[in-house]
Amino acid sequence: MPGIPSHAHVVIIGGGIVGCSVAYHLAKRGCTDVLLLERKQLTCGTTWHAAGLVGQLRATQNLTRLAQYTTQLYEGLERETGQATGFRQVGSIAVAASEARFEELKRGASMARCFGLEVQILPPDAARERWPLLSTDGLVGAVFLPKDAQTNPVDTTRSLATGARSAGVRILENLKVTAIRAARGAVTGVATEHGEVRAEIVVNCAGMWAREVGGWANVTVPLHAAEHFYIVTQPIAGLAPGLPILRDADARSYFKEDTGKLLVGWFEPRAKPWGEGGIPEGFAFEQLPADLGHIEPLFASAMQRVPALEAAGVQVFFNGPESFTPDDRYLLGETPEMRGLYVAAGFNSIGIQSAGGAGKVLADWIVDGHPPFDLWDVDIRRCAPFQRNKRYLRDRTAETLGLLYAMHWPFRQAETARGVRKSALHDRLAAAGACFGEVAGFERPNWFAAAGAEARYEYSYGRQNWFAQAAGEHQAVRERVGLFDESSFAKFVLKGRDAAVVLGRICANDIDVPSGRIVYTQWLNERGGIEADLTVTREAEDAFLIVTSCATQTRDFSWLCRSIEPDARAVAFDVSSAYAVLGLMGPRSRELLATLTDADLSTAAFPFATSQIIDLGYARVRASRITYVGELGYELYIPTEFAQSVYDVIVSAGESFGLRLAGYHALNSLRMEKAYRHWGHDICDEDTPLEAGLQFAVAWDKPGGFVGLEALSKRRAQGVRRRLVAIALERADRLLYHNEPIWRNDELVGRISSGMFGHTLGASLGLGYLANGGAPVSAEWIAAGRYEVEVASERVPARVSLQPFYDPSSARVKC
């Protein structure tokens with residue numbers, strides 16, 4: 001084929017709206033040596049049949065920022081390129097048919113205020129005034145977002161392509177990529193049906209083909225297609241033009257007016273996965289077979305909300321594929337397995353409203369070498385390798401499509417594709433009444449049911465059915481001793497002659513300590529932001545054990561491996577599966593452990609932040625005196641094959657000490673009372689140790705410095721303009737989760753980053769950042785304020801502190 005270049009700096013695979021957005025935004029950044037390759041024609045996969053909804057409120061602040069940017073981009077795109085887009089800013093209305101749904105909407109409205117979105121809470125009659133064909137039967141309330149919009153997906157994609165082409169980007173259609181080329185862990189180009197193209201960067205925007213494309217390079221891109229249904233009616237009398245988009249999540253339905261007709265679509269509870277045997281080679285601009293039986297009950301629910309549908313003729317019954325990920329969040333960023341290979345795929349039916357922002361930040365990521373702000377929610381490094389498994393993806397996708405309109409309950413757990421990764425103690429814990437949650441496929445006990453009770457969640461926005469059980473576990477740890485299965489911890493070993501030098505450069509704290517010492521530290525990026533929050537134990541002169549969270553296993557191991565210089569004599573191993581971990585925590589933990597080992601456990605012989613190999617039962621285990629609950633305690637690292645026998649010995653001996661099994665809900669409430677930070681919620685790659693109150697873990701003057709020192713020093717000299725504080729509500733009946741607005745003297749100054757009820761303190765607790773309009777945030781300014789937290793659009797008085805509310809001196813930890 002003539003016109004194929006032999007080289008391009010960036011090759012983009014896929015010409016849907018996301019691929020064209022990436023190309024457009026690379027050009028905006030001055031990167032125009034870009035080649036976009038589309039196997040058939042632009043938009044032919046899933047973009048062409050999208051509903052074109054452009055909502056702005058997402059689950060987190062930064063995802064909302066991306067959606068807001070998308071709206072702003074589409075609003076001016078036609079003027080810029082001359083290509084019509086069909087963009088109309090009509091607003092959207094979400095209605096609630098239950099008190100629980102209305103609370104969800106009101107919490108969303110509060111969150112929207114944090115993000116600067118205009119939002120109105122409406123009674124049912126006011127919603128009907130804005131949408132006259134709406135039946136208000138059974139409605140409790142509604143929320144109106146006036147800046148939401150709709151657009152034509154094909155025309156908008158063409159407009160982005162026009163903008164990219166005019167800046168010099170080359171777009172070739174009907175040219176299939178057949179392979180990704182790589183050498184020494186980095187991409188070198190692609191192979192096509194008509195020749196090779198060398199490239200420094202390859203971007204996988206292949207939509208529902210992205211998992212297959214990633215597989216060419218042995219890269220994990222977990223997504224799976226599912227059938228998505230909608231209808232388009234014939235013209236409906238009385239249907240006013242320019243109506244807001246209407247969403248009735250309780251009926252699993254959305255409604256969009258277009259040229260006097262209604263497009264009505266659904267996100268049903270149990271979807272139909274599609275394409276598990278492979279997507280047909282020639283698939284382009286195609287529909288899937290109609291399944292009227294599948295949508296009949298959905299159609300009935302839609303007619304109850306919009307009775308005019310009963311008499312309306314149906315012009316189109318549509319069924320087309322969309323791609324979904326295991327956690328309903330899209331996949332963005334550079335892959336951990338291969339340098340220079342980026343992904344933007346798996347948009348879970350929100351590709352149109354996400355494409356503008358996703359394209360912009362990915363272009364920034366490519367040009368600058370790092371994301372422009374925290375994108376952990378959609379970062380592809382959150383994915384585990386097993387999630388490429390086809391059967392897993394098929395089974396999970398049956399659930400994930402429907403989650404878009406399901407109740408977004410706090411602590412909700414996936415129901416499908418469970419039991420993937422289990423601790424060696426799983427069956428023992430299940431027999432003891434454990435109710436498991438899932439993180440990265442790992443089954444972890446969240447709480448333990450009372451004897452004879454079913455270990456099953458009953459969800460609500462208030463105190464759920466496990467509240468009392470978790471309270472008992474919490475109090476057992478505070479007053480006696482509790483046992484946690486923490487085997488899901490990610491565990492790495494860095495070993496070699498240069499291990500101390502390599503790790504010293506990565507860690508902000510000083511890890512060049514005697515063997516047996518534990519160091520709490522952060523890994524920073526060049527901007528001073530926190531990339532990881534973990535502990536390092538020096539096992540020997542040339543060996544270090546690194547312990548981090550299950551959720552960040554892939555991300556953190558990739559960061560570690562990429563931080564080892566090619567000529568360094570150090571090698572990293574992921575030993576997560578080699579060790580089970582038991583957390584024995586509480587004021588009587590030392591007494592209990594002393595009955596099982598001959599090791600000297602006194603504070604003089606075994607102080608806080610030290611680690612020893614001890615005899616325990618018939619095993620040799622690593623006991624580390626460290627805590628995430630704020631009490632005396634030990635993390636026990638046990639070779640996996642010894643885990644059951646060690647567990648049995650501890651549980652048997654624990655009866656006389658009041659030992660209680662405890663789960664992750666208790667762990668969370670315990671850490672909240674101590675204001676211990678959690679990476680991904682309270683700290684991320686945008687936050688520095690200064691803002692997060694972690695400067696005590698920074699070794700400012702250590703020889704050789706560390707990554708991020710220069711930026712952090714500048715920030716320290718300029719003064720801190722955001723500070724993380726502990727927050728306690730004055731009302732115990734309102735619970736905090738995340739993103740609730742924080743008001744100081746009637747001015748919005750921050751939001752909750754994480755929350756949980758503190759059973760020892762008897763209060764709803766949170767952590768959150770406060771800002772002072774760009775001015776430095778001092779302890780005096782914090783203390784002088786009157787604070788409230790907005791919970792479901794109601795302001796609740798609160799106390800704020802820079803210190804933990806529980807044991808601020810950590811005397812109980814170090815005793």
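**Buried, touching, lining: reasoning through the model**

Trainee: Which backbone oxygen lies 3.1 Å from a polar atom of the side chain of Q612?

Mentor: That of A605. The model is predicted, so the distance is a computed one.

Trainee: What makes that pair a polar contact?

Mentor: The cut-off for N or O atoms is 3.5 Å, with one able to donate a hydrogen and the other to accept it. The value here is 3.1 Å. It is within the limit, so the distance condition is met.

Trainee: Where does Q612 sit, and what does Q612 touch?

Mentor: Q612 is part of strand β31, residues 611–616. Beyond four places in sequence, Q612 touches A605, F606, V621, R622 and A623.

Trainee: Why is Q612 called partly exposed?

Mentor: Its relative accessible area is 25%. Buried means under 20% and exposed means over 50%. The value falls in between, so Q612 is partly exposed.

Trainee: How far apart are Q612 and R394 in space?

Mentor: They are 45 Å apart, C-alpha to C-alpha, with their positions 218 residues apart in sequence.

Trainee: Now D682. Is D682 buried or exposed, and how do you know?

Mentor: The relative accessibility of D682 is 0%. That is under 20%, so D682 counts as buried.

Trainee: Where is D682, and which side chains make polar contacts with the side chain of D682?

Mentor: D682 lies in the loop between α16 (664–673) and α17 (709–718). Its side chain makes a polar contact with that of R671 at 2.8 Å. Another, at 2.6 Å, joins the side chains of D682 and S754. Both values are within 3.5 Å.

Trainee: Which other residues are in contact with D682?

Mentor: Leaving aside neighbours within four places in sequence, the list includes Y676, R677, D687, L724, L767 and Y769.

Trainee: What about S549: why is S549 given its exposure class?

Mentor: S549 has 28% relative accessibility. That is neither under 20% nor over 50%, so S549 counts as partly exposed. S549 is found in the loop between β28 (543–548) and α13. Its C-alpha atom is 12 Å from that of V581, 32 residues away along the chain.

Trainee: What makes α13 mostly covered?

Mentor: Of its 10 residues, 7 are buried. They are Q553, T554, R555, D556, F557, S558 and L560.

Trainee: What does α13 give to the second largest pocket?

Mentor: The largest share of the lining, 5 residues. The pocket holds about 880 Å³ of space. Among its 30 lining residues, R339, S558, W559, R562 and S563 are the closest to its centre. Two elements give two or more residues to the lining: α12 (499–506) and α13 (553–562).

Trainee: How do the residues of that lining divide by type?

Mentor: There are 13 nonpolar, 6 polar and 11 charged residues.

Trainee: Last topic, the largest nonpolar core. Which residues touch the most other members?

Mentor: I12 and V203, in a core of 48 residues. The elements that give two or more residues to this core include β1 (10–13), α1 (17–28), β2 (34–37) and β12 (201–204).

Trainee: What does I12 touch?

Mentor: Not counting residues up to four places away in sequence, I12 touches G19, V22, A23, L26, V34, L35, L36, L37, V203 and C205.

Trainee: Why is G19 not a member of the nonpolar core?

Mentor: A core takes in Ala, Val, Leu, Ile, Met, Phe, Trp, Tyr and Cys. Gly is not on that list, so G19 is a contact of I12 but cannot be a core member.

Note on methods:
Residues numbered from 1 in each chain as written. Predicted model: local features only at pLDDT ≥ 70, side-chain atom pairs only at ≥ 80, totals over all residues. Heavy atoms only, no water. 1 Å grid on protein atoms, 1.4 Å probe; cavity = no way out; pocket = protein on both sides within 12 Å on 5 of 7 lines; lining within 4 Å. Points joined across faces, edges and corners; volume = space filled by probe spheres on them. Helix = DSSP H or I, 4+ residues; strand = E, 2+ residues; numbered from the N terminus. Nonpolar A, V, L, I, M, F, W, Y, C, P; charged D, E, K, R; others polar. Buried < 20%, exposed > 50% of the residue type's maximum accessible area, 1.4 Å probe, protein only. Contact = heavy atoms within 4.5 Å. Core = buried A, V, L, I, M, F, W, Y, C linked by side-chain atoms within 4.5 Å.
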